[in-house]
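Student: Could you take me through one part of this model slowly? I would like a close look at the surroundings of the ligand.

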Amino acid sequence: MATPSIAIIGAGPSGLALARLLECRGITYVLYERDASAAVFDRTGGTLDIHASTGQRAIVEGGLLAAFAKYARYDASTFRLWDRHGTQYIQHERGSDFPEIDRGDLRRIYLDAIPEGKIRWGMGLKRVGRGEDGEPVLEFADGTTASGFRLVVGADGAWSKVRSLINDVKPQYCGIHIIESRISPTNSVYSQVQSRVGKGMMLIGGPNQMITLQNLGDESYRMYLGVRVPADFATAGQVDFADTEGMRAMCLSNAFFGDDWADEFRAYIRHATDFRPWPLYHIPPASVAWDPVPGVTLVGDAAHLGPPSGEGANFAMTDALYLADQLAEQQNAGWLVDDEARDRAVRGYEVEMFERGAKLIQRGVDMTEVFYAGDSPRPTVELFRGKGVPVLEEKGA
Ligand SMILES: Cc1cc2nc3c(=O)[nH]c(=O)nc-3n(C[C@H](O)[C@H](O)[C@H](O)COP(=O)(O)OP(=O)(O)OC[C@H]3O[C@@H](n4cnc5c(N)ncnc54)[C@H](O)[C@@H]3O)c2cc1C
């Protein structure tokens, strides 16, 4: 069988969107994913809001709007902001341009639309080298190699291995860990959480800390406890995330969500389950731009990893759209055989992405400072007020 033109590494939002868009444009590709099978899914991340001007465009261009609409929650757009004492500041309807979809459902939509044989599961990339002809050679954890592609696209997320062919940038710790947890419909605090958060999302700010609650498609709530801790918080052997009681006690200690947090919010933590760490990393905005590297490029977090800003997956899918468009545009110029046409297509995508990606990271860095400020949630209130969002009269919980 002829070698596909493009190798995509990683089946996250960027890699899957790219695969689907190439499929629609008749460009051959293979997607290598580290997960052992489609059934394995890292549940981290919960729900994503997919914006009309970015992520949804990739979905529409991929011919998947009807499938997306089946899973998307267009009524999950209410945003609420509280402080730790139980005072609400904001209740804002973001409108229908921001439907939420569970990360697993987004993946399912794409997997249903990409021919099975084109995704190679259980293929963790170990490193990318260069062959004697200078072309990229993919070396996988199982000892196999693959080469001969016209283009290798790193869609392999924060710790991209493909990035090493482009630069030696390493992600930097943002100073924040998200402690992810869950409140399921059978949980005794579920109805209380439901009455506060509804179908949307709620932020609760305190000094250097933030609780985020999000409703998921299975009706459960994902609760993110954001804390300022050292980078080795989860790995130094001091914290056992599998010990649910221990995690609850630690999170409720005065170092984190202690006595000065409202009893109701502490009750959410006292009953939470399924604790997992999610350390936040970013790359410096200035490192998003790089000199052209023939036959290799990056999309999504591999290219522009930033702290969460509500746009990461959206921008990742936009990258896929712009890259697929540029390749399609250079089809007549013969990019499959003509290196200059290929490099022109890749550069056309990269130049637009560099500026957009750098801004995305800066936005995430700025938002992290606002959300985790010493006087949080005051700066968050002011941020939303500055955007014209009405601030509520102060009222107790
Ligand atoms: C707490 C949190 C909340 C967030 N919420 C939002 C949100 O609401 N909205 C939003 O737009 N964004 C959000 N983001 C950002 C979003 O999750 C990322 O920007 C997005 O997932 C990036 O997609 P990606 O495809 O580039 O990378 P990823 O989603 O990281 O996917 C990478 C894929 O590559 C695979 N892979 C990795 N290494 C290898 C390897 N060596 N070999 C083979 N495969 C490999 C992985 O298994 C994975 O499938 C959030 C991020 C965080 C941390």
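Tutor: What follows goes through the ligand site and then turns to two buried residues and the domains.

The model is a predicted one. Around the ligand there are 32 residues, and those that come nearest are S14, E33, R103, L125 and D301. Sorted by kind, the residues of this shell are 13 nonpolar, ten polar and nine charged.

Several elements contribute to the shell. Helix 1 (13-25), strand 3 (47-49), strand 16 (273-282) and helix 9 (312-329) each supply at least two of its residues. Helix 9 gives the most, with four residues.

Next come the atoms that face the oxygen atoms of the ligand. E33 has a polar side-chain atom 2.7 Å from a ligand oxygen. For D301, a polar side-chain atom lies 2.8 Å from an oxygen atom of the ligand. With A313 the backbone is involved: one of its N or O atoms is 2.8 Å from a ligand oxygen. As for cover, the ligand taken alone exposes 1,000 Å², and the protein buries 87% of that.

Now for a residue on a helix. D105 sits in helix 4, which runs over residues 103-113. D105 counts as buried because its relative accessibility is 13%, and the cut-off for buried is under 20%. Its side chain makes a polar contact of 2.8 Å with the side chain of R108.

A second residue can be read in the same way, this time in a loop. S160 is found between strand 11 (151-154) and strand 12 (172-183). Its relative accessible area is 10%, so S160 is buried too. The side chain of S160 is joined to that of D156 by a polar contact of 2.6 Å. The S160 side chain also reaches the backbone nitrogen of R163, at 3.0 Å. Apart from neighbours within four places in sequence, S160 is in contact with L298 and A302.

Last, the overall division of the chain. The domain assignment gives domain 1 as 6-54 + 102-171 + 284-371, and domain 2 as 172-282. Taken over C-alpha atoms, the centres of domain 1 and domain 2 are separated by 30 Å. Where the domains meet, 21 residues of domain 1 are in contact with 22 residues of domain 2.

Key
Residues numbered from 1 in each chain as written. Predicted model: local features only at pLDDT ≥ 70, side-chain atom pairs only at ≥ 80, totals over all residues. Heavy atoms only, no water. Buried < 20%, exposed > 50% of the residue type's maximum accessible area, 1.4 Å probe, protein only. Polar contact = N/O pair within 3.5 Å; in protein donor to acceptor, adjacent residues only side chain to side chain. Near = heavy atom within 4 Å. Areas by Shrake-Rupley, 256 points an atom, 1.4 Å probe, with all protein chains shown as cover. Nonpolar A, V, L, I, M, F, W, Y, C, P; charged D, E, K, R; others polar. Domains from an automatic or database assignment. Contact = heavy atoms within 4.5 Å.
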